[in-house]
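Me: I have a structure open and would like to talk through a few of its details. Could you take my questions one at a time?

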Amino acid sequence: MAQPTLLSIAKADLITANHNVTSDNKFIKHQAAYLTQQSVEKTLKYLISLNGKNCWGHDIRKLVIVARQLDIYVPDLIVEKADVITSWEANARYYPTKIIRRDVIRKVIREVHKWHKGLANKGIR
């Protein structure tokens, strides 16, 4: 059974990430990366759950594989950057010396926002 609030939480994560990505504080920028990763993860898990499956874990690449097996649309940028996005889950929180590029975070945020709008246009909310 689908978790009807998971996509709403993913959207809230993305809004907060978009706000934080502009910060000059490196740690707040890192939180933007983490929340972007969480938004991607929750969006994929929500869409997968609509197809009667549940997935665990934070690996975006693995979630993309499951989604594609179910003919779920995943934006090309998410597929291409899956490993980078996955790394934000831990690097942003536990390894503050890692470099996480703001332009990449912004690019992913824009792509996920477009993805969410496309889902809403299809009645998936």
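**Salt bridges and helices**

Reply: Happy to! Let me start with Arg 61, which counts as partly exposed because its relative accessibility is 32%. Please keep in mind that this is a predicted model.

Me: Which residue meets the side chain of Arg 61 in a salt bridge?
Reply: The N to O distance in this salt bridge is 3.1 Å. The pair joins distant parts of the chain, 22 residues apart, with Arg 61 in helix α3 and its partner in helix α5. That partner is partly exposed, with a relative accessible area of 47%. The residue is Asp 83.

Me: How many salt bridges does the structure hold?
Reply: Besides the pair of Asp 83 and Arg 61, Glu 41 forms one with Lys 45, and Arg 93 forms one with Glu 89. These are among a total of six.

Me: Are Glu 41 and Lys 45 buried or exposed?
Reply: Both sit in helix α2, four residues apart, so about one helical turn separates them. Their closest N and O atoms are 2.8 Å apart. Helix α2 is mostly covered, with 20 of its 25 residues buried. Glu 41 and Lys 45 are both buried.

Me: What span should helix α2 have at 1.5 Å a residue?
Reply: Helix α2 runs over residues 26–50, which makes 25 residues. Its end C-alpha atoms are 36 Å apart, and this agrees with the expected span of 36 Å.

Me: Which residue caps the N-terminal end of α2?
Reply: The cap uses a side-chain oxygen that lies 2.8 Å from the backbone nitrogen of Phe 27. That oxygen belongs to Asn 25.

Me: Where is the kink in α5 centred?
Reply: Helix α5 covers residues 82–94 and reaches 19 Å from its first C-alpha to its last, close to the 18 Å expected. Its kink is about 40 degrees. The residue at the centre is among the buried ones of α5, whose cover includes α2, α3, α4 and α6. The kink is centred on Trp 88.

Me: In the salt bridge of Arg 93 and Glu 89, is Glu 89 buried or exposed?
Reply: The two residues are four apart in helix α5, so they are separated by about one helical turn. Arg 93 is partly exposed at 32%. Glu 89 has 12% relative accessibility, under the 20% cut-off, so Glu 89 counts as buried.

Me: What is the phi of Asp 71?
Reply: Most residues other than glycine have a negative phi. Asp 71, in the loop between α3 and α4, is exposed at 73%. Although not a glycine, Asp 71 has a positive phi of about 60 degrees.

Key:
Residues numbered from 1 in each chain as written. Predicted model: local features only at pLDDT ≥ 70, side-chain atom pairs only at ≥ 80, totals over all residues. Heavy atoms only, no water. Buried < 20%, exposed > 50% of the residue type's maximum accessible area, 1.4 Å probe, protein only. Expected span 1.5 Å × (residues − 1). Polar contact = N/O pair within 3.5 Å; in protein donor to acceptor, adjacent residues only side chain to side chain. Bend = angle between axes of the 7 residues up to and from the residue. Contact = heavy atoms within 4.5 Å. Salt bridge = Lys/Arg side-chain N within 4 Å of Asp/Glu carboxyl O.
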